[in-house]
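Ready to explore a protein chain together? Take a look at the structure below, and then we will work through it one question at a time.

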Amino acid sequence: MTDDITQRIRAIIAEQAMLEPDQITDDADPAELGIDSLGLVESIFAIEEEFDISIPFNANEPEKSDFDISNMGTIIAAVHRLVAGKAE
């Protein structure tokens, strides 16, 4: 899954992690990429702005969120669903 949406998400995450986009693998979790909780929130805000979507994520209680942040693959899949839902 290397479509435009995926590439844009990887670019946002890579910028936050100070990595190259091709270093962002689907199985990597934010901590493995060097992204702390503040960096994750900033990444989520950037993704929301990039795609004009609202991500259901509570930084204070991430375990109660409908937005799975366990790894990049789940983040990318969730953004795909939100973007598709916006188009309906």
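Q: Which pattern does the chain follow when read along the sequence?
A: This is a predicted model. The chain holds three helices and zero strands. Read along the sequence, the pattern is therefore α-α-α.

Q: What share of the residues of the chain count as buried?
A: To count as buried, a residue needs under 20% relative accessible area. The chain has 88 residues, and the share of them that passes this test is 38%.

Q: Among contacts with a separation of 6 or more, what percentage comes from residues 24 or more positions apart?
A: Here we look at contacts in the chain with a separation of 6 or more, and pick out those between residues 24 or more positions apart. Their part of the total is 55%.

Q: At roughly what angle do the axes of α1 and α2 cross?
A: Two packed helices are described by the angle between their axes and the distance between the axes. Helix α1 covers residues 4-17, and helix α2 covers residues 37-51. Their crossing is right-handed. The axes come within 10 Å, and the angle is roughly 145°.

Q: Which residues of α2 meet residues of α1?
A: Start on the α1 side, where the residues involved are I5, R8, I9, I12, I13 and Q16. Across from them, the α2 residues are G39, E42, S43, A46, I47, E50 and F51.

Q: How many salt bridges does a search of the whole structure find?
A: Side chains of opposite charge can pair when their charged atoms come close. One such pair here is R8 and D4, at 2.9 Å from N to O. Searching the whole structure gives a total of four.

Q: About how far apart along helix α1 are R8 and D4, in helical turns?
A: Both residues sit in helix α1, four residues apart. R8 is partly exposed at 27% relative accessibility, and D4 is partly exposed too, at 44%. Because of their spacing in the helix, the separation is about one helical turn.

Q: Which residue of α2 forms a salt bridge with R8?
A: The two side chains meet at 2.8 Å, N to O, and the partner of R8 is E50. R8 lies in helix α1 and its partner in helix α2, so the pair ties together parts that are 42 residues apart in sequence. The partner counts as partly exposed, at 39% relative accessibility. The residue is E50.

Q: Is R10, which pairs with D26, buried or exposed?
A: The side chains of R10 and D26 meet in a salt bridge at 2.6 Å, N to O. This pair links helix α1, home of R10, to the loop between α1 and α2, where D26 sits 16 residues away. D26 is partly exposed, at 37%. R10 has a relative accessible area of 15%, so R10 is buried.

Q: What is the nearest side chain of opposite charge to E48?
A: E48 is found in helix α2. E48 is buried yet has no salt bridge. A salt bridge needs a nitrogen and an oxygen within 4 Å, whereas the nearest candidate is 12 Å away. That side chain is K86.

Q: Which residue has its backbone nitrogen 2.7 Å from a polar atom of the E48 side chain?
A: Leaving out residues up to four places away in sequence, E48 touches I53, S54 and I55. One of these supplies the backbone nitrogen at 2.7 Å, and that residue is I55.

Q: What is the approximate phi of M18?
A: Most residues other than glycine have a negative phi. M18 is not a glycine, yet its phi is positive. M18 is found in the loop between α1 and α2, and is exposed with a relative accessible area of 76%. Its phi is about 55°.

Q: Phi of D52 is positive too; what value is it near?
A: D52 is found in the loop between α2 and α3. At 60% relative accessibility, D52 counts as exposed. Its phi, positive in a residue other than glycine, is near 50°.

Q: Which residue offers the backbone oxygen that the side chain of T74 reaches?
A: T74 lies in helix α3. Leaving aside neighbours within four places in sequence, T74 is in contact with D68 and I69. The side chain of T74 reaches the oxygen at 3.1 Å, and this oxygen belongs to D68.

Methods:
Residues numbered from 1 in each chain as written. Predicted model: local features only at pLDDT ≥ 70, side-chain atom pairs only at ≥ 80, totals over all residues. Heavy atoms only, no water. Helix = DSSP H or I, 4+ residues; strand = E, 2+ residues; numbered from the N terminus. Buried < 20%, exposed > 50% of the residue type's maximum accessible area, 1.4 Å probe, protein only. Lys, Arg positive; Asp, Glu negative; His and termini not counted. Polar contact = N/O pair within 3.5 Å; in protein donor to acceptor, adjacent residues only side chain to side chain. Contact = heavy atoms within 4.5 Å. Axes fitted to C-alpha atoms, helices over the stretch in contact; angles between N-to-C directions. Left-handed = near helix turned anticlockwise from the far one by under 90°.
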